[in-house]
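Take a moment with the sequence and the 3D view. This report moves from one residue out to the whole chain.

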Amino acid sequence: RLFHHNGLNLRHLARHPTEPLLAFSRTAEEGFSHLAITDPDGKQMQTVTEGDSLDEVPSWIPGSAQELVFQSAGIGRDREGHMAGLGPYHIQRLHLERGSLETVLEDPSHDLLLP
């Protein structure tokens, strides 16, 4: 156990190899998951992705403390707002300092997982 917070559901922990940073996916009751980063003590937790999607399995890009790759899939909802489907997973690259997001690889007929 790294953190003790009520309702905190963390998955896919990735420790940066040289910097005191952790990245992970944080799931919510509404069905989505976003990426977050923090220091090893969990005192400076910051959500770095948003939207109606499943953003999961972050990996640090070698040599950078500002860039991550991760898998992401959009969530489809019905008229009542309940999760009705999931689009194919694609690979995204996030630059933390610039706040830029780039699609690295996608294929509408396949899930691309575990970057």
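What joins the side chains of S109 and H110? A polar contact of 2.9 Å joins them. Keep in mind that this is a predicted model.

## Around S109

S109 sits in the segment after β9, the strand that covers residues 100-105. Is S109 buried or exposed? Its relative accessibility is 55%, so S109 counts as exposed. The cut-off for that label is over 50%.

The S109 side chain also has a polar contact with the side chain of D107, at 2.8 Å. Now look along the sequence to P88. S109 and P88 are 21 residues apart in sequence. In space, their C-alpha atoms are 7.1 Å apart.

## The chain as a whole

How many helices and strands does the chain have? There are zero helices and nine strands. The pattern along the sequence is β-β-β-β-β-β-β-β-β. The radius of gyration is 14 Å, and the globule rule gives 13 Å for 115 residues. Those values are close, so the chain is as compact as a globular protein of that length.

The C-alpha trace spans about 40 × 35 × 25 Å along its principal axes. Of the 115 residues, 37% are buried. The chain exposes about 7,300 Å². Carbon and sulfur atoms supply 47% of that exposed area. Next, consider contacts between residues at least 6 apart in sequence. Among these, 29% join residues at least 24 apart.

## Strand β8 and its partners

Strand β8 runs through residues 90-95. Why is β8 described as largely enclosed by the rest of the structure? Five of its six residues are buried, so the description follows.

β8 pairs with β6 and also with β9. The pairing of β6 and β8 is antiparallel and has six bridges. Here V69 stands opposite R93 of β8. β8 and β9 also run antiparallel, joined by five bridges. In this second pairing, I91 stands opposite L105 of β9. R93 has a bridge partner in β9 too, namely E102.

What do β8 and β9 form together? They form a hairpin, with four residues between the strands. G99 lies in the turn and has a positive phi of about 70°.

In a regular strand, side chains alternate between the two faces of the sheet.

## A closer look at H90

H90 lies in strand β8. Is H90 buried or exposed? Its relative accessibility is 16%, so H90 counts as buried. The cut-off for buried is under 20%.

The side chain of H90 makes a polar contact of 2.7 Å with the side chain of Q92. Now set aside the neighbours of H90 within four places in sequence. H90 is then in contact with F70, Q71, S72, T103, L105, E106 and L112. One of these, L105, stands opposite I91.

## Two salt bridges

Side chains of opposite charge can pair when their charged atoms come close. How many salt bridges does the count come to? The count is two.

One salt bridge joins D52 and R77. Their closest N and O atoms are 2.8 Å apart. D52 is in the loop between β4 (46-47) and β5 (53-60), while R77 is in strand β6, residues 67-77. The pair links distant parts of the chain, 25 residues apart. D52 is partly exposed, with a relative accessible area of 35%. R77 is also partly exposed, with a relative accessible area of 29%.

R93 forms a salt bridge with E67. Their closest N and O atoms are 3.0 Å apart. R93 lies in β8 and E67 in β6, so the pair ties together parts that are 26 residues apart in sequence. Is E67 buried or exposed? At 15% relative accessibility, E67 counts as buried. R93 is partly exposed, with a relative accessible area of 29%.

## Putting it together

R93 is a good residue to finish on. It stands opposite V69. Its bridge partner in β9 is E102. It also forms a salt bridge with E67. Find R93 in the view, then trace β8 to the hairpin with β9.

Key:
Residues are numbered from 1 along each chain as its sequence is written. This is a predicted model: local features need pLDDT of at least 70, side-chain atom pairs count only at pLDDT 80 or more; totals for chains, interfaces and linings use all residues. Side-chain values use heavy atoms; hydrogens and water are left out. Helices (H or I, at least four residues) and strands (E, at least two) are DSSP runs, numbered from the N terminus. Buried means under 20% relative accessible area, exposed over 50%, partly exposed in between (1.4 Å probe, protein chains only). A polar contact is a pair of N or O atoms within 3.5 Å; within protein, one must be able to donate a hydrogen and the other to accept it, and residues adjacent in sequence count only if both atoms are side-chain atoms. A salt bridge is a side-chain nitrogen of Lys or Arg within 4 Å of a carboxyl oxygen of Asp or Glu. The radius of gyration is taken over C-alpha atoms; the globule rule is 2.2 Å times the number of residues to the power 0.38. Contact means heavy atoms within 4.5 Å. Accessible areas come from the Shrake-Rupley method with a 1.4 Å probe; for residues, only the protein chains shown count as cover. Two strands pair if DSSP finds at least two bridges between them.
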